Amino acid sequence: MKRYSAFALVREALNDHKGWSRAWRHAQPKDRYDVIIVGAGGHGLATAYYLGKRFGITNVAIIEKGWLGGGNTGRNTTIIRSNYLQDPSAAIYEKARDLYEGLSQDLNYNVMFSPRGVLMLAQTHHEVRGYQRTAHANRLQGVETEFVGPEKVKEIVPIIRLDGPRYPVLGGLWQPRGGTARHDAVAWGYARACSAMGMDIIQNCEVTGVRSDNGQVTGVETTKGAIACDKLGIVVAGHSGVLAQMAGFRLPVESVALQALVSEPIKPCMDVVVMANTVHGYMSQSDKGEMVIGGGADGFNNYTQRGSFQHVEETVRALIETFPMISRLKMLRQWGGIVDMTGDRSPILSKTPLGNCFINCGWGTGGFKAIPGSGWGFAELMAKGEAPLCEAFSLDRFSEGRFIDESVAAGVAH
């Protein structure tokens, strides 16, 4: 078998993307499709892929306002884990993590999945109790996690400082089969597979209205003309409320910016993902040597997709307490994405008040890790009208009081 370095794999993926994307970059939509998916990010593309693979529905258009993977799919920190407290959350995230393990083989496209392990630090006694509770819940759910003490934390992450000036490390929730993947490659892999099935991926095509008749969706208005459809899936993350308003209903979500940054490349020093909820920071090292750093979401509603000096100061200051060595690094680049936050910090995968219109949103800061599981469940919901993975995440839960509270168990801000 031919072997590649990490750099060669990235170069091959980039070259492959440039070659096959030209074929549909300027594609014009047909007059009618069985299904239209609005949003060519990871969740939208995964939904389209599993509609074709699992249910044979290939007369599908994926419509994108900008460019493929240009939203949150290309703006995250690539963390993959499934150690959630509530049963419905653990089920869909573990399904996603399991699919990630075989995704490169399934798509015949290297998504560079790296099961390096995810460690969530406990830096207060409250967190120790909370993570121990989550570890017990995960054991019952069949999710492989364990609570480890400070000595084990130091063994897993040698560069860590256990006796921080404000928050010492008291332990951590360790998921050895969590990790990372290349975010762009996930979008490209799903897109190439969808294109191979005959689906249309239409970029630079903004939805300006939703058509309906007698309470049933009939199509969409776009900047490239009207397109008819039998079913409509809205998968647009931070702009979900805008599309929902076009379809005639409101969503219980708020849109805020989530920022991240990377350092200059350095020699390998950390081969796991570390999340620190108390100080609001998380970090991993990319294959290129950059330290990938993120923190909490902005404290006010906005649609910005850029960084801020305040975020750099707050997040890096907190992480320097735990990882003193990064104080000597320079920032290479910074960016932001628009995340859609629900009150219980859990997603919405649901039918809507408009017939044959479905919504997939509310992933907050945890969307990338869920892409395969989200697409798997949402495709089933759109094809069959019901799906076990999606049942608990319906819109009805907000009016019925069936909240899935992950505001603490989900780590940094989600």
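How many residues has helix H9, and how far does helix H9 reach from its first C-alpha to its last? The legends below answer this and turn to some salt bridges. The model is predicted: local features need pLDDT of at least 70, side-chain atom pairs count only at pLDDT 80 or more, and totals for chains, interfaces and linings use all residues. Residues are numbered from 1 along each chain as its sequence is written, and side-chain values use heavy atoms, with hydrogens and water left out.

**View 1. Helix H9 (residues 309-322).** Helix H9 has 14 residues and reaches 21 Å, close to the 20 Å expected at 1.5 Å a residue (1.5 Å times one less than the number of residues). Helices are DSSP runs of H or I with at least four residues, and strands are runs of E with at least two, numbered from the N terminus. Among the buried residues of H9 are His 311, Val 316 and Leu 319 (buried is under 20% relative accessible area, exposed over 50%, partly exposed in between, with a 1.4 Å probe and protein chains only).

**View 2. A salt bridge within H9 joins Arg 317 and Glu 313.** A salt bridge is a side-chain nitrogen of Lys or Arg within 4 Å of a carboxyl oxygen of Asp or Glu. Here the N to O distance is 3.7 Å, and the two residues are 4 residues apart, about one turn of the helix. Arg 317 is partly exposed, at 46%.

**View 3. Glu 380 and Lys 384 form a salt bridge in helix H10 (residues 371-384).** Their closest N and O atoms are 3.5 Å apart. Glu 380 is buried at 11% relative accessibility, whereas Lys 384 is exposed at 53%.
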